[in-house]
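Please open the model in your viewer and keep the selection panel at hand. The tour below moves from one selection to the next and says at each stop what is there.

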Amino acid sequence: MRKMPIERRLLTGHLGLVYLFLYGPIVVLIALSFNESGLPTAWTGFSMEWYGKMFANEAIRRAVVNTLIVAVCSTVIATIIGTLLAVGLERLRPNAVLEAFVFVPMIIPDIVLAIALLSFFTLLNVTLGLHSIIISHAIFNIAFVCVIVRTRLKNFDKSIVEASIDLGAGEVRTFWRITLPVILPGVVAGALLAFTLSVDEFIIANFTAGAGPSSTTFPMQIYAMIRFGVTPEINAIATIVIGFSFFLVLLSQRLNREAAE
Amino acid sequence: MSVLLQIDGITKRFGPITAVDRISLEVKDSEFFAILGPSGCGKTTLLRVIAGFEAPDEGRVRLAGADITELKANRRPVNLMFQSYALFPHMTVFGNVAYGLEMEGLQGAALKSRVTEALAMVRMTDFTARKPSQLSGGQRQRVALARALVKRPKVLLLDEPLGALDRKLREQMQIELKRLQQDTGIAFVVVTHDQEEALTLADRIALLDRGRIVQLATPRELYDKPVNRFAADFIGLMNFIDGTVVGSAFDAPGLGRLPAPNGVADGPAALAIRPERVRLAEITDGTAISGQVEGAAFLGQDVIAHITVPNLARPIVARLAAGHPLSAKLARGQQVWLNWQADQAVILRD
């Protein structure tokens, strides 16, 4: 084997350190979720016990169901509105102010958005619950979906829309049969991101959920549990969430790659 | 032949720019019509007005006697082949061609036979299941053609149809386009900036400059009798000699009287002569002007020679058939005599 030049080796070493820094804690967490003793200090043997306990926990199960309801509903709303917003913005003359307003919900701190939403709901006398979390999540997700769909629209050959009209299709049919299928990978990627963001979102949900277990989402549940210390059960939950997120990322990358071909 | 498409005083402005300025023209049944001009001359805008993608500010568009100015693009019996072809990337070749017929409500066997027929017309029957990304540029163009032709439009509009193809393929497609036009009997209106393309394809050409028609004529007329310097310069190669018309003779300063057609009113003018009309000789035959060979290039079928003439700013370009006795022995610095027939030169006023 030929010896690598020193710069190459240093770079490789640096890359290794970066990955270690990123994934070290996560690997530890995954390992601990299979630790029989349940203590972070010593490895006593492999066990699936904590996974069993977790699945048996009624509060966790309910929180997961709540989170799925919130994530699915807010994703559907955000995907529809965000996609239409992107298509609409693309048709307008370039307008920097309008563009900036789309980005704002992505950039402002969650805590600010959370307070704003809470004040807004209170002002309108909206009772808090899952529905208010759904609306809140939809709001920032619209921005994310819109931005992702727009990148897809940037490479979109607008003459195919004219070609469709030239061949006798109206605007609506052109959207369903030409525009939407072509931008679909972007729409799906946006939806996946929206779903992931919603599943993982804590601050806004915590502010807009109201009281009671009926509107406690999964991150809120973990937060509640962690106040009594990190239990191995939480490690098991976290491991499943990591696996799920990984799957979603791979899926969206694959969709983007297929779209690029 | 009767008039099929009538463009009547069309004007289209974009803000302060007048892209199309009071253009009127008529396209006849089964005619191959070309709209030719440099980029920015308004030809594409005019095409889009005919297709229905741009509403004109003034003027009317009539098709087979009916006013279609207000008709939406999707209701016009006119189809456009886009410069980029604009094939639907998510559909197969078959799907692309079938799309327009589906919009008419055609289904099943009738749809299939019409699509197959159209694909056979452009020799793409073997590619029905392919996606556009799996086709070459030439194949994509054939599909785009089939997609537009399958609707049996009254007029087929083509936006720079050969622009994206390499030279060999262009020549092949030129012949193919001409054949398709004759087979279908559909009137073709092609927009192009390529004068050669317009000359070979079209029955008639409208030459545009800055939103207006400069000349509307057959290719032969346009080539032989350009109406002004722009038209003469845009089509093919042309030599210009500035001078004055005095008593129906053309005088160039420092060169004297040059062979020119009669019947032109007195005043300053330019004489225009095509390179292939310039005759070269080693000895004088009386009326000719003399110059020195600056260089000669062998092009296969013919030889292009640049000849510097005293008192002329630009050298005269002459084109000789490769079989011409002088063509093989033109040497730099050699003295030659130039001449041409009076009726083959054109006197231009502006």
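Two strands are taken to pair if DSSP finds at least two bridges between them. With that criterion in mind, and remembering that this is a predicted model, begin with the open sheet of chain B in which five strands follow one another in the order E15-E19-E16-E17-E18, with antiparallel pairing. Select 279-281 and 316-321 of chain B to see its edges, since these are the strands E15 and E18, each of which pairs on one side only. If you look along the sheet, neighbouring strands are turned against each other by 45° on average, direction ignored.

Stay at the E15 edge and add residues 335-339 of chain B, which form strand E19 and are joined to E15(B) by three bridges in an antiparallel arrangement. To find one of the paired positions, select B:Arg279, whose bridge partner in E19(B) is B:Asn339.

Now zoom out to chain B as a whole. Its secondary structure comprises eight helices and 20 strands, and its C-alpha atoms fill a box of roughly 75 × 45 × 35 Å along the principal axes. Colour 3-224 and 238-348 separately, because the domain assignment of chain B gives these ranges as domain 1 and domain 2. The C-alpha centres of domain 1 and domain 2 of chain B lie 40 Å apart. Of the 350 residues in chain B, 39% count as buried, and among its contacts between residues at least 6 apart in sequence, 64% join residues at least 24 apart.

Next, select residues 32-36 of chain B. How many of the five residues of strand E3 are buried? Five of the five are, so E3(B) is largely enclosed by the rest of the structure. Showing the side chains separates its two faces, with B:Phe32, B:Ala34 and B:Leu36 on one side and B:Phe33 and B:Ile35 on the other, all of them buried.

Keep E3(B) in view and add its pairing partners. Strand E8, residues 187-192 of chain B, runs parallel to E3(B) and is joined to it by five bridges; here B:Phe32 stands opposite B:Phe188. Strand E9, residues 204-209 of chain B, also pairs with E3(B) in the parallel sense, over four bridges, and B:Ala206 in E9(B) is the bridge partner of B:Ile35.

For a helix, move to residues 93-103 of chain B. This is helix H2, which is largely enclosed by the rest of the structure because eight of its eleven residues are buried. Those to select are B:Val93, B:Phe94, B:Asn96, B:Val97, B:Ala98, B:Tyr99, B:Gly100 and B:Leu101. Displaying 108-121 and 137-149 of chain B then brings up helix H3 and helix H4, which are included in what covers the buried residues of H2(B). Following H2(B), select B:Gly105, whose phi is positive, near 90°.

The last stop is where the two chains meet. Which numbers of residues are in contact across chain A and chain B? The contact involves 14 residues of chain A and 17 residues of chain B. On chain A, select 159-166 and 171-200, since helix H7 and helix H8 each supply at least two residues of the side that touches chain B. H7(A) gives the most to that side of chain A, with six residues. Colouring by class, you will find that the side of chain A touching chain B has eight nonpolar, three polar and three charged residues.

Key. Residues are numbered from 1 along each chain as its sequence is written. Chains are lettered from A and ligands numbered from 1 in the order in which they are written. This is a predicted model: local features need pLDDT of at least 70, side-chain atom pairs count only at pLDDT 80 or more; totals for chains, interfaces and linings use all residues. Axes are lines fitted to C-alpha atoms, for helices over the stretch in contact, and angles run from 0 to 180 degrees between N-to-C directions. Two residues are in contact if their C-beta atoms, placed from the backbone, lie within 7 Å. Ala, Val, Leu, Ile, Met, Phe, Trp, Tyr, Cys and Pro count as nonpolar, Asp, Glu, Lys and Arg as charged, and the others, Gly among them, as polar. A residue is buried if 20 or more other C-beta atoms lie within 10 Å of its own, exposed if 12 or fewer, and partly exposed in between; C-beta atoms are placed from the backbone.
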